[in-house]
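Biologist: I have a structure on my screen and would like to know how its labels are earned. Could you take me through it?

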Amino acid sequence: MSALVKSSILKCMADGKLVVSPIICARQLGASSIDLRLGNVFLMVRARGLSVVDPARFAHTDDTVGDHEYEQARRQKHERYEAPFGQNFLLHPGMLALVPTLEWVKLPANLQGIVTARSSWAREGLSIATASLIHPGYKGVITLELANLGQIPLRLYPGLRIAQIAFHTLTEDAAVQDMGSRFDMAFEPAEGNKAHGDEAFLPLKGKQS
Amino acid sequence: MRSTLQDVLRHDYAAGSSEEFYNEFCERLSFLESLIQPADATDVSALGTFAEEISLLSTLVHHMERSHAGEFPWPFTEYLQALATPLCKEQLAGNEGQPIIRVYAEGGLDTYQINLENDLSSLNIGRRIFTIVFPRTLRHHVLLHAIFGHEIGHAAWTIPRHRVDLLDKVLGPLRASGPLNSTSQATAWLRRTDAPTPIVELRNQYADDEYTEIKRNQLDSWFQEFMCDLFGLVTFGGSFLAAHQTLLLALDPNGYRWGPYHPPYACRKAMLWRACRHLQWHEFPASVVDVKLRADIEAFLTTYSGTTPGPWEDVFTDAQVAAAVDALLPILSSAGTPCFVMPEENTLLPLLRMLREEIPPCGSDLSGSPTPANRNVDFRHILFAGWLVADELAGQGNADGKHGHFLELNKLCEMGLMQQRAIDRYNAAKAGGQP
């Protein structure tokens, strides 16, 4: 497993195996990474009457399609805001917001991506991604988990270069059955299922304490 | 009313977008107050008028509340505004008045609207409110939003300086002859014995002569619809044909229903077929060498504009439609609204490739060059590429078995439009212009 340098990244892109689209200017291309820009959708985590993170709500989801309580709890946790280019969004201290990248990313079976903050923003207290591994075969926008760890609000403008992605080759191609995920073809941030495969450790639906 | 207005500012709107509307609303409210305060409490007529105006303002506040950022696709809306606003400027007191644009979402599947306030006299106000309404449930369906081309026509119709030309030069040729030439001829046409089966069935279903008698207002409305279809065609091109058919046949699967405002879809399609031929969209320049592309575009145009129409549906001649289209094009171009131009092969092929590979289509340079050269792409060409791929998928019988493929395709195009906005902005800034 090794990291790709700029020329290898560009070759993968020219071959059509790797897609990062659009790359708006040459400045986005680093020695071994590509800068990613801030997209336009902001899912702000807000404490409201029914806001809670409870994996048990995701358990046994077959019977929760259309379930009022389930859907309401999911929707109430995030406030969605959309800002066209030229407008801005304030990330207040202690706030967490899920934001997509402007770029659409497609990874081949033999590459994985690592997303990190650009240092200029990290120095201001902006944490970009806590779940930074992008698995092989992924296709979609990348969700950035923005958190302001500083003490003053950060004004963020869609389109700014805010994160970067580096690529690592794998020892061999990932198996097709291992590549799929519910986030594939992701057009905007979404809440992840925190119960999938762990239902045995969670109370039955309706039995949450 | 003021309190309600202030309350709606609790919601999030795209920055700055509520300010113009808020200020205009305050001005109207103050003006109305100045009329109401000295009014005679026994003047029932005046009080009735004031009540109507207050009711109208109340509706406008509701529109503002429905304008949350995220309720409608803003990249598409920005492109649509650029297309429609020049046409909808109004000559007011010697100055061009820029309308105040409000965009909001509403229920229903056929709520597409572009409305321009008609009457500015009662409140003595200076600026019209120009409203764009999206159906909320079709929020991501940007391919269907090409139907807004038709709505641009309705908005243009409300502007006196355009109406004269539209009446004389566009509708004039269409109304000059044919089975819809007069109400009596139109009624006879609707009752013809060679009418298609769905028409006969509808006539039998409502065995009342009144139902098949075409009234003056009805015929006027029908002609306005024909004219607006031509607006849609010349502003949005092939995407309009596809969106028009998809939406209208969803609500009227036979395409033969008629009403007080709308003529049967089959007749509208027949007119569009003649207009496409006149615009020579079926013919390709020699530079288009990709055989599959030529075949795909031909198949697409055949699907959505049809082939030689039946004798009953064919209510206009080639000469009538050609004269109407030729009159409409300069009206749009002189107003600053660019008409649709069939994309070049080197524009369309990369967009199609991106869509087939499930990449949002835009002028992104995928060559892997260290100095990327992104292109400015007309948003209507992105939509056209989207429809070509939708048609391709439909032809494959949705072989991938994914029910949501049309929605995904729309979302790819929606994202492509957003990315194109970013490219346009960057290129404009680089060229020293305003984004």
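Modeller: Happily; what follows is a set of questions about a predicted model, with the reasoning behind each answer.

Biologist: What makes α15(B) agree with the span expected of a helix of 17 residues?

Modeller: The expected span is 1.5 Å times one less than the number of residues. For residues 379–395 of chain B that comes to 24 Å, and the end C-alpha atoms are 25 Å apart, so the two agree.

Biologist: How do you know whether α15(B) is mostly covered or mostly open?

Modeller: A residue is called buried if 20 or more other C-beta atoms lie within 10 Å of its own. Twelve of the 17 residues in α15(B) are buried, so by that cut-off the helix is mostly covered. Among them are B:Phe379, B:Trp387 and B:Ala390.

Biologist: What covers those buried residues of α15(B)?

Modeller: The cover includes α4, α9, α10, α12, α14 and α16 of chain B.

Biologist: Now to chain A. Why are β3(A) and β6(A) called paired?

Modeller: Pairing needs at least two bridges, and two bridges join β3(A) to β6(A), so they qualify; the strands run antiparallel. A:Leu43 stands opposite A:Leu98 in β6(A).

Biologist: What does β6(A) do with β12(A)?

Modeller: Those strands pair over five bridges, again in the antiparallel sense. A:Leu98 has A:Glu145 as its bridge partner in β12(A).

Biologist: Why are β2(A) and β10(A) called edge strands?

Modeller: Start with the sheet: four strands of chain A form an open, antiparallel one in the order β2-β14-β8-β10. Within that order, β2 (34–37) and β10 (133–134) each pair on one side only, and that earns them the name. Four bridges join β2(A) to β14(A), with A:Asp35 opposite A:Gln164.

Biologist: How many helices and strands does chain A have in all?

Modeller: Chain A has four helices and 14 strands. Of its 209 residues, 33% count as buried.

Biologist: And how many residues does each chain give to the contact between A and B?

Modeller: Chain A gives 29 residues and chain B gives 30. On the chain A side, the largest share, four residues, comes from α1(A).

Biologist: What classes of residue make up that side of chain A?

Modeller: There are 18 nonpolar, six polar and five charged residues on the side of chain A that touches chain B.

Note on methods:
Residues are numbered from 1 along each chain as its sequence is written. Chains are lettered from A and ligands numbered from 1 in the order in which they are written. This is a predicted model: local features need pLDDT of at least 70, side-chain atom pairs count only at pLDDT 80 or more; totals for chains, interfaces and linings use all residues. Two residues are in contact if their C-beta atoms, placed from the backbone, lie within 7 Å. Ala, Val, Leu, Ile, Met, Phe, Trp, Tyr, Cys and Pro count as nonpolar, Asp, Glu, Lys and Arg as charged, and the others, Gly among them, as polar.
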